[in-house]
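Let's take a walk through the sheets of this model. Have the structure open and follow along strand by strand.

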Amino acid sequence: MAGSINYQQLTWLYQNAPPYKNTNEYPYAHRNHRHKYFIPVEVNGKIEFNVHYGWGSEEERYSMAEFEQFAYSLNKRQRDRYFYNEGSEKIPYMAKWLTKHAPFGIVRDDNTIEIICEYMGQGDRMIISEQLGISAYFMQEASSGGVIFTDGYAQHRRKLKRPAFKGMRFNIDTGELHESSRYKIDVKVVDRKKSNQLMKEHVDKLSMIKMFYNSTDENTLLTDMTDAIKQNDPTYFDNSNLNHLEKARQLWNVDPVVSSYFYVLGYYIGNAYWAIKYNSSINPPKQIFKQLLPKLRKDLKGNADVFNRQTYWDFDNNYPSAKWGLEITDMQGNPIKQIRG
């Protein structure tokens, strides 16, 4: 299926369709769809087309503590612009979208498009994929590092899966990657022997934490957590920028149970953060431990040398899920940042 975004079609529209009034912006879809337009630009004697969808957007993030500092001053309409989300380590934050006038891609006379955005929301991905009209599309997949360019939703049916990144350039008709966009992916894979050895080293600490959470009650846990926080970070209640996870890692070999408290706070488990901050109720300790344990194990592995690296190249046209992270570099070894979705 041919889409509206290709060099021949955009050239025809540029030469035959009038721009929007008092602008140099031309529609590439229905003229009433004012947010779908392109701008012709002359570069080195050749016409390129900067293609827009919407007016661009950028996520502005605030930690929960930062948001609390000014949330009270917002009216309902202003507060409704913010939304709750979680980062890569499942750490909650509040965010809002800032509107920016920026193109998502540049179409050149060799019928390639270079993706130049750093974020693609669901609507962005749908419209861009639809308007390109090729047999692959953009989609968000957290286990693959962010936004990908793929020919199939189901992983086992894919023949093509590429990381989508700013600067990615490919042929609009065939999807073939441009020479300037070649890349290498190093996927982190857990070495089972190293991982098992690591868990053996920490089994006593994990058992101690399990025994504590299974034998205490809500009130005792809340009191103990509050006392431990005051002892290990006296300025906690005045300091909204405390990195709970970093504090947890520092205390792991000193006092595993106290360390677990900071993990609970850092991952916002069991309503503990709000319970300590605002004296509200906390979830049952057994339930908290059940949520905490997999995050503890993942953090211990993620901060230890228990990984091997598997390398994939752009010409492989596919790469596996990357639960533990991946690194993308260009042919000169420079890091490439995957598009967020």
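How many bridges pair strand β10 with β11, and in which sense, parallel or antiparallel? Keep in mind that what you're looking at is a predicted model. Find β10 at residues 146-150: three bridges tie this strand to β11, and the pairing is antiparallel. If you want a spot to zoom in on, go to F149, which sits opposite R162 of β11.

Now zoom out a little. β10 and β11 belong to an open sheet of three strands, ordered β9-β10-β11 and paired in the antiparallel sense. The edges are taken by β9 (137-141) and β11 (161-163); each has a single partner strand, so one side of each has no neighbour in the sheet. Going from one strand to the next, the twist averages 35 degrees. There's a helix here too: α4, residues 122-132, packs on this sheet and touches β9 and β10. The direction of α4 makes about 155 degrees with that of β9.

Next, move along the chain to another sheet. Four strands make up this open one, in the order β14-β13-β15-β16, again with antiparallel pairing. Which strands stand at its edges? They are β14 (307-313) and β16 (335-336), and because each has a single partner strand, one side of each is left without a neighbour in the sheet.

Stay with β16 for a moment. Its partner β15 covers residues 326-330, and two bridges join these antiparallel strands. To see where they face each other, look for T329, which stands opposite P335 in β16.

As for what holds such pairs together, strands of a sheet pair through backbone hydrogen bonds, either parallel or antiparallel.

Note on methods. Residues are numbered from 1 along each chain as its sequence is written. This is a predicted model: local features need pLDDT of at least 70, side-chain atom pairs count only at pLDDT 80 or more; totals for chains, interfaces and linings use all residues. Side-chain values use heavy atoms; hydrogens and water are left out. Two strands pair if DSSP finds at least two bridges between them. Axes are lines fitted to C-alpha atoms, for helices over the stretch in contact, and angles run from 0 to 180 degrees between N-to-C directions. Contact means heavy atoms within 4.5 Å.
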